[in-house]
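Here is a quick tour for anyone meeting this structure for the first time. Have a look at the sequence and the model, then read on.

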Amino acid sequence: MDADLQVLGRAVKQAQYRQHRALDSALGEVGTTLAQWDALRAISGRPGASARELAAVTFQSEQAFGALVGRLAAQGLVERRPGHGRRIEHRLTPAGEQTLAAGHQVSQKVLAECFSPLPPADRATLLGLLRQLNGEADPHQSDHGVTPA
């Protein structure tokens, strides 16, 4: 029996929305937002990356990412430096590293709660299916990339 594709799409979106709301709320307790924490994760995982690269991995436009990283720099969490040509490179400051670490602790708790209805085998199956949908070459590879939670 085939699942109704609209129902399936809505169920995926609903799970994502619930997870994002829970993360954003909990991250507020450590002084950041989901968008800010995701940008810190991306910058940490790609030191010296350009705004264009970071915008792509955080699913934002270059303009939106530029505004966000400007706020992070004003908060002392990120530093921007001239790179090769017109490129601006981004790095975390020590305060940014602390905020990132606090966010990791919060996210582990939130994600454990979000996925608690699924036993580990079902989580692994879900991950494999989502990787297949996202066109990843090896569905059994570990996730070393930075993606929004």
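Is E79 buried, partly exposed or exposed? E79 is partly exposed, because its relative accessible area is 31%, and the buried label is kept for values under 20%. Bear in mind as you read that this is a predicted model.

## E79 and its partner

E79 doesn't sit there alone: R81 forms a salt bridge with E79, and their closest N and O atoms are 2.4 Å apart. R81 is partly exposed as well, with a relative accessible area of 38%. As for the reason such pairs turn up, side chains of opposite charge can pair when their charged atoms come close.

## The salt bridges around R87

In total, the structure holds 6 salt bridges. One of them joins the side chains of R87 and E53, at 3.0 Å from N to O. That pair links distant parts of the chain, with the two positions 34 residues apart: R87 is in the loop between strand 1 (78–82) and strand 2 (88–92), while E53 belongs to helix 3.

R87 also forms a salt bridge with E89, and here the closest N and O atoms are 3.9 Å apart. Put these together and you get a network of salt bridges linking E53, R87 and E89. How open are its members? R87 counts as partly exposed at 31% relative accessibility, E53 is partly exposed with a relative accessible area of 35%, and E89 is partly exposed at 22%.

## S50, tucked in a loop

Now hop over to S50, which you'll find in the loop between helix 2 (34–45) and helix 3 (51–57). S50 has a relative accessible area of 11%, so it counts as buried.

Which residues does S50 touch, leaving aside its neighbours within four places in sequence? They are R87, I88 and H90. You've already met R87 as a member of the salt-bridge network with E53 and E89.

## A nonpolar patch

Last stop: the surface has a nonpolar patch formed by L5, L8 and V12. Together, these residues have about 310 Å² of accessible area.

Take V12 as the example. V12 lies in helix 1, which covers residues 5–28. With a relative accessible area of 47%, V12 is partly exposed; the exposed label would need a value over 50%.

Methods: Residues numbered from 1 in each chain as written. Predicted model: local features only at pLDDT ≥ 70, side-chain atom pairs only at ≥ 80, totals over all residues. Heavy atoms only, no water. Helix = DSSP H or I, 4+ residues; strand = E, 2+ residues; numbered from the N terminus. Buried < 20%, exposed > 50% of the residue type's maximum accessible area, 1.4 Å probe, protein only. Contact = heavy atoms within 4.5 Å. Patch = residues over 30% accessible without salt bridge, like charges linked within 9 Å, V, L, I, M, F, W, Y side chains within 5 Å. Areas by Shrake-Rupley, 256 points an atom, 1.4 Å probe, with all protein chains shown as cover. Salt bridge = Lys/Arg side-chain N within 4 Å of Asp/Glu carboxyl O.
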